[in-house]
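Me: Let's go through this structure by question and answer. Keep it short, and end each answer on the value or name I ask for.

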Amino acid sequence: MQKQRKKPFEFLVEDIFQVPGVGTVLSGFVTRGEWKKGEPIFLGPLKDGSMLHTVPKSAHVAQTAADQLWAGHSVLFP
């Protein structure tokens, strides 16, 4: 996985939840790269082929808030 950390960030969305009081929550797996809290991510492609640019409010690994993620982590983005 160390080689995967040097590549561009990629997060595979496995599930999408709507949580009252929180909003949309993405659940998935980081396949490559690194992400640090406050950095933008691109979601997509959407049905029309476009990408959605967003900055996640937080990230959680094993029910714990995380400021940094890298390849191999299972993650929730609330």
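The turns below cover ring pairs, pockets, one buried serine and some backbone details.

Me: Before we start, what kind of model is this?
Reply: The coordinates do not come from an experiment on this page. Local features are taken where pLDDT is at least 70. The model is predicted.

Me: How many aromatic pairs does a search of the whole structure find?
Reply: One pair joins Phe11 and Phe77. Trp35 and Phe77 form an aromatic pair as well. The search of the whole structure finds two.

Me: Are the rings of Phe11 and Phe77 stacked or edge-to-face?
Reply: A pair of aromatic rings is described by the distance of the centres and the angle of the planes. For Phe11 and Phe77 the centres are 5.0 Å apart and the planes stand at 80°. Planes over 60 degrees apart count as edge-to-face. So the pair of Phe11 and Phe77 is edge-to-face.

Me: How many residues apart in sequence are the parts that this pair ties together?
Reply: Phe11 belongs to strand 1, residues 10-19. Phe77 belongs to strand 9, residues 74-77. The parts they tie together are therefore separated in sequence by 66 residues.

Me: Phe77 also pairs with Trp35. What is the angle between the planes there?
Reply: The two rings are 5.2 Å apart, centre to centre. Trp35 sits in strand 3 (residues 34-36), and Phe77 is 42 residues away in strand 9. This pair is edge-to-face, with an angle between the planes of 85°.

Me: Which residues form the aromatic cluster?
Reply: Phe77 pairs with Phe11. Phe77 also pairs with Trp35. The one cluster consists of Phe11, Trp35 and Phe77.

Me: Is Trp35 buried or exposed?
Reply: Buried means under 20% relative accessible area. Phe11 has 13%, and Phe77 has 3%. Trp35 has 1%, so Trp35 is buried.

Me: Which ring does the charged end of Arg5 sit over?
Reply: A charge sits over a ring if CZ of Arg is within 6 Å of the ring centre and within 35 degrees of the ring normal. The charged end of Arg5 is 4.3 Å from the centre in question. The ring is that of Trp70.

Me: Which element supplies the largest share of the lining of the largest pocket?
Reply: The largest pocket has a volume of about 320 Å³. Its lining residues include Phe11, Leu26, Phe42 and Met51. By class, the lining has 10 nonpolar, one polar and one charged residues. The largest share, four residues, comes from strand 1.

Me: And which strand gives the most to the lining of the second largest pocket?
Reply: The second largest pocket has a volume of about 220 Å³. It is lined by 14 residues, with Thr24, Thr54, Pro56, Phe77 and Pro78 nearest its centre. Two or more lining residues come from each of strand 2, strand 4 and strand 5 (52-54). The most, four residues, come from strand 2.

Me: What is the relative accessible area of Ser27?
Reply: Ser27 lies in strand 2, residues 23-32. Among the residues it touches are Phe11, Val13, Phe17 and Leu76. Ser27 counts as buried because its relative accessible area is 17%.

Me: Which two residues does a cis peptide bond join?
Reply: Omega at this bond is about 5°. The proline involved lies in the loop between strand 4 and strand 5. The two residues are Gly44 and Pro45.

Me: What is the phi of Ala62?
Reply: Ala62 lies in the loop between strand 6 (60-61) and strand 7 (64-65). Its relative accessible area is 68%, so Ala62 is exposed. Ala62 is not a glycine, yet its phi is positive, at about 50°.

Me: Is Gln63 buried or exposed?
Reply: Gln63 lies in the loop between strand 6 and strand 7. Its phi is positive, about 60°, although Gln63 is not a glycine. Exposed means over 50% relative accessible area. Gln63 has 80%, so Gln63 is exposed.

Methods:
Residues numbered from 1 in each chain as written. Predicted model: local features only at pLDDT ≥ 70, side-chain atom pairs only at ≥ 80, totals over all residues. Heavy atoms only, no water. Buried < 20%, exposed > 50% of the residue type's maximum accessible area, 1.4 Å probe, protein only. Contact = heavy atoms within 4.5 Å. Phe/Tyr/Trp six-rings, centres within 6.5 Å; stacked < 30°, edge-to-face > 60°. 1 Å grid on protein atoms, 1.4 Å probe; cavity = no way out; pocket = protein on both sides within 12 Å on 5 of 7 lines; lining within 4 Å. Points joined across faces, edges and corners; volume = space filled by probe spheres on them. Nonpolar A, V, L, I, M, F, W, Y, C, P; charged D, E, K, R; others polar. Lists of a residue's contacts leave out its neighbours within four places in sequence.
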